[in-house]
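Trainee: Please take a close look at the interior of this protein with me. I would like to go through it step by step.

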Amino acid sequence: GLDFGAYVRPILRQLVDETRETASFYVLDGDHRLCLYRLNSPRAARHHLDEGTRLPLDRGAAGRVLLAFSRPDDPDGAAIRGAGSGVSRGEREPAVAAVAVPVIDPAGRLRGALSVSTLMSRFDPALEQVIRDALSAAATDLSASLPSGG
């Protein structure tokens, strides 16, 4: 019965407002990740993806974050777990860069990954830092708001 969208959609709106880039929320879906919620950038040139799209786990920031945090004993994810985030630059799509962070509920369960994606042509160190800061705050807010039993 948890309406997860009621928690996630306002966070995505906040991320898009702060970064002017595309914000997404992904969940594990077997050996893939599923884009459960998405709010595209208001910019004409943007990374566009539809809700419901399934993507691989082994490519892209959100996929790698979901892998790293769903398999805490896997040494391949140690760097991402240590940093608390993942970054991809042209890994899944050559023109797209993204940063992602885990969303962990109050009971310590991985609920998904928040991601902000942009075009490689805009992904300079200043924008990367803006995205990292916005994602960190958003994940903290979302995690704190989630009921632990839902």
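Mentor: Start with the count: of the 150 residues of the protein, 45% are classed as buried. Keep in mind that this is a predicted model. Now set the frame. The protein has 4 helices and 6 strands. Read from the N terminus, their order is α-β-β-β-α-α-β-β-β-α.

Next comes overall size. The C-alpha trace spans about 40 × 35 × 25 Å along its principal axes. The radius of gyration is 14 Å, which agrees with a compact globule, because a globule of 150 residues would have a value near 15 Å. The contacts add to this. Take the contacts between residues at least 6 apart in sequence: 55% of them join residues at least 24 apart.

Now go inside. Nonpolar side chains tend to be buried together in soluble globular proteins. Here, the largest nonpolar core has 26 residues. Seven of them have the most contacts inside it: Val8, Leu15, Phe25, Leu114, Ile131, Leu135 and Leu142. Which elements give two or more residues to this core? They are helix H1 (4-19), strands S1 (22-29), S2 (32-39), S5 (96-104) and S6 (110-119), and helix H4 (125-145). Helix H4 gives the largest share, 7 residues. There is also a second, separate core of 15 residues. Cys35, Ala62, Ile80 and Ala98 are among its members.

Follow H4 first, since H4 gives the largest share of the main core. Look at alanine 139, which lies in this helix. Its relative accessible area is 8%, so alanine 139 is buried, the limit being under 20%. What does alanine 139 touch, leaving aside neighbours within four places in sequence? Its contacts are Val101, Pro102 and Leu114. Leu114 is a name you have met, as one of the residues with the most contacts inside the largest core. Proline 94 gives you a sense of distance. The C-alpha atoms of alanine 139 and proline 94 are 26 Å apart, with their places 45 residues apart along the chain.

Stay in H4 and find arginine 132. Is arginine 132 buried or partly exposed? Its relative accessibility is 28%, so arginine 132 counts as partly exposed. Not counting residues up to four places away in sequence, arginine 132 touches Ser85, Val87 and Val99. Serine 85 is 47 residues away along the chain, yet the two C-alpha atoms are separated by 8.2 Å.

Now move to the start of the chain. Glycine 5 sits in helix H1. At 7% relative accessibility, glycine 5 counts as buried. Its contacts, leaving aside neighbours within four places in sequence, are Pro10 and Tyr37. Glycine 5 and alanine 139 are 134 residues apart along the chain, but their C-alpha atoms are 14 Å apart.

Step past H1 and you reach arginine 20, in the loop between H1 and S1. Check its backbone. Most residues other than glycine have a negative phi. Arginine 20 has a positive phi of about 60°, although it is not a glycine. With a relative accessible area of 42%, arginine 20 is partly exposed.

Strand S1 follows, and phenylalanine 25 is found there. How exposed is phenylalanine 25? Its relative accessibility is 0%, so phenylalanine 25 counts as buried. Phenylalanine 25 is also among the residues with the most contacts inside the largest core. Arginine 13 is 12 residues away along the chain, and the C-alpha atoms of the pair are separated by 12 Å.

Turn to helix H2, residues 61-70. This helix is mostly covered: 7 of its 10 residues are buried. Those residues are Ala61, Ala62, Gly63, Val65, Leu66, Leu67 and Ala68. Ala62 links H2 to the second core, where it is a member.

Finish on the outside. The accessible surface comes to about 7,000 Å², and 50% of that area belongs to carbon and sulfur atoms. There are 18 positive and 19 negative charges. The mean positions of the two sets lie 3 Å apart.

Note on methods: Residues are numbered from 1 along each chain as its sequence is written. This is a predicted model: local features need pLDDT of at least 70, side-chain atom pairs count only at pLDDT 80 or more; totals for chains, interfaces and linings use all residues. Side-chain values use heavy atoms; hydrogens and water are left out. The radius of gyration is taken over C-alpha atoms; the globule rule is 2.2 Å times the number of residues to the power 0.38. Buried means under 20% relative accessible area, exposed over 50%, partly exposed in between (1.4 Å probe, protein chains only). Contact means heavy atoms within 4.5 Å. Accessible areas come from the Shrake-Rupley method with a 1.4 Å probe; for residues, only the protein chains shown count as cover. Lys and Arg count as positive and Asp and Glu as negative; His and the chain ends are not counted. The place of a charge is taken as NZ of Lys, CZ of Arg, CG of Asp or CD of Glu. A nonpolar core is a set of buried Ala, Val, Leu, Ile, Met, Phe, Trp, Tyr and Cys residues joined through side-chain atoms within 4.5 Å.
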